Amino acid sequence: MKYIGNALKYMFKNFIFIFPFALIPSYFFAFALDIPSLEAIVDKIVAADAEFSFSLIFNGFSLINGGRWYIAAISFVFMAIFTPLLLAFIEKHMRIGSRSFKGLLKRINYNFLSTFVFLVISLAIYELWALISSGLVFAAVLLFGGVARIVIVAVISLGMVLLLAYIFSLLWLWLPCLQITGYNFGDALAFSSQIAGGKRGAIFLSLLIPYVAGAVLALAVVGICAAYDIIVPVFVFIEIIFILLFLYFCAHMYAVYFDAAGEEREDLKKRY
């Protein structure tokens, strides 16, 4: 819980400075989601009905849905632009205590490639995970019935979410290592694994808990808005959830790095 607290504290304490970086990517992300599929999933969950089609399952897991893939692509492009700027701001603030936008545009030249590669790899991992997860859940739907189907689908879904969090816990410090140490991709990955050491469990939980909380909250919002035929607020709420998760994970990445590497954070020092 330490890492969750550190990331949330940084996010809310500096929210006015960092939330502009998340506005445009989150807008297109919320617009790209297949809300009708999410509504159908919520309806089936509420009705304890685990008879899902493969397309419904995949649209629920995936970030890139067939009909709106181009909007998801636009969201990714803006994320590739704003994420290196946000990470540069966070790094500068934590490393030297300066909460300033000065020099960020110059920093994007240094951060862009490493951030872009990390985002592409992360998206590829996530979409492959979504495909495999959907296949496993759909297989359970075909093979089992009744209560057994509900239980097995729930167990598979939970197990795959745990696997996803574990995979990202192995890669999580790679990007800050690339950007702070200047190592090449291989050396940075090795160094990130080394400094993570015995903190792997804490990193895993601090990735898992917010992701699950965000997903559950999003489904709850979709379900409530659908029940009362509310259209616009569901989009707004989804965007807010994504903004919070986006800022949390970026702040979390660097907060964990500074702690794992044993580097002192200048932003935590009191200024008199």
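The following exchange takes up two residues of helix 7 and the crossing of two other helices in a predicted model.

Author: Local features of this predicted model need pLDDT of at least 70, side-chain atom pairs count only at pLDDT 80 or more, and totals for chains, interfaces and linings use all residues. Residues are numbered from 1 along each chain as its sequence is written, and side-chain values use heavy atoms, with hydrogens and water left out.

Reader: Why is S114 called buried or exposed?

Author: S114, in helix 7 (residues 104–143), has 9% relative accessibility and therefore counts as buried, since buried means under 20% relative accessible area, exposed over 50% and partly exposed in between, with a 1.4 Å probe and protein chains only. Leaving aside neighbours within four places in sequence, S114 is in contact (heavy atoms within 4.5 Å) with L175, L178, Q179 and F185.

Reader: What makes K106 buried or exposed?

Author: K106 also lies in helix 7, but its 71% relative accessibility is over the 50% cut-off, so K106 counts as exposed.

Reader: Why are helix 8 and helix 11 called oblique to each other?

Author: The axes of helix 8 (residues 146–171) and helix 11 (residues 200–227), lines fitted to C-alpha atoms over the stretch in contact with angles from 0 to 180 degrees between N-to-C directions, come within 9 Å and cross at roughly 130°. Angles under 35 degrees count as roughly parallel, over 145 as roughly antiparallel and 65 to 115 as roughly perpendicular, and the rest are oblique, so this pair is oblique.

Key. Helices (H or I, at least four residues) and strands (E, at least two) are DSSP runs, numbered from the N terminus.
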